[in-house]
Amino acid sequence: MKLKTFVAAAVVGAAALMPSAALAATGGFYWSPDGSGVQSASLQNPRSGHCYTLHGTHPPFYAMNGTDRTMRYYSSAGCTGYKGSVAPGAPGNVTRYVKFG
């Protein structure tokens, strides 16, 4: 194998191992932490597969999924006890624990 071909293959292989933007949802997720319906808390470009704990005083929270990924919500910490989902661009009521897929 020529050195030039080997270097090109190594660069492509290394790029495949690097984290990519594909591992994050694009857009914002907004929720109303105080029960007023005003979406005053947000996550921007949340990581896919990461369990987020939403903070606020009045769950379930009214939310708007402004990301390009389906958001799933759960009954327990660590995102266990699947309850439902909110499609991209849709509103819904969610629990404290959410994950984007």
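Select tyrosine 30 together with serine 42: serine 42, in strand S2, is the bridge partner of tyrosine 30. The model on display is a predicted one. Extend the selection to strand S1 (27-31) and strand S2 (41-44); the two run antiparallel and are joined by four bridges.

**The other neighbour of S1**

Next, add strand S4, residues 61-67. S1 pairs with S4 through five bridges, again in the antiparallel sense. To locate this pairing in the viewer, pick glycine 28, which stands opposite glycine 66 of S4. With S1 still highlighted, display the surrounding residues: four of the five residues of S1 are buried, so this strand is largely enclosed by the rest of the structure.

**Across S4 to S7**

Keep S4 selected and add strand S7 (91-94). S4 and S7 run antiparallel and are joined by four bridges. A useful pair to label here is methionine 64 and proline 91, the latter being the bridge partner in S7.

**The whole sheet**

Now show the four strands together. They form an open sheet in the order S2-S1-S4-S7, with antiparallel pairing. S2 and S7 stand at the edges; each has a single partner strand, so one side of each lacks a neighbour in the sheet. Viewed across the sheet, the twist from one strand to the next averages 25°. As background for reading this arrangement, strands of a sheet pair through backbone hydrogen bonds, either parallel or antiparallel. When side chains are switched on, recall that in a regular strand they alternate between the two faces of the sheet.

**Serine 32**

Return to the end of S1 and select serine 32, which lies in the loop between S1 and S2. Is serine 32 buried or exposed? Its relative accessibility is 1%, and serine 32 therefore counts as buried, the cut-off being under 20%. Which residues is serine 32 in contact with, once its neighbours within four places in sequence are left aside? They are Gly37, Val38, Gln39, Phe61 and Tyr62. Of these contacts, Phe61 and Tyr62 can be found by selecting S4, whose residues are 61-67.

**The salt bridge**

Finally, select aspartate 68 and arginine 69. Their side chains meet in a salt bridge, with an N to O distance of 4.0 Å. A search of the whole structure finds one salt bridge. Aspartate 68 has a relative accessibility of 45% and therefore counts as partly exposed.

How values were computed: Residues are numbered from 1 along each chain as its sequence is written. This is a predicted model: local features need pLDDT of at least 70, side-chain atom pairs count only at pLDDT 80 or more; totals for chains, interfaces and linings use all residues. Side-chain values use heavy atoms; hydrogens and water are left out. Buried means under 20% relative accessible area, exposed over 50%, partly exposed in between (1.4 Å probe, protein chains only). Contact means heavy atoms within 4.5 Å. Two strands pair if DSSP finds at least two bridges between them. Axes are lines fitted to C-alpha atoms, for helices over the stretch in contact, and angles run from 0 to 180 degrees between N-to-C directions.
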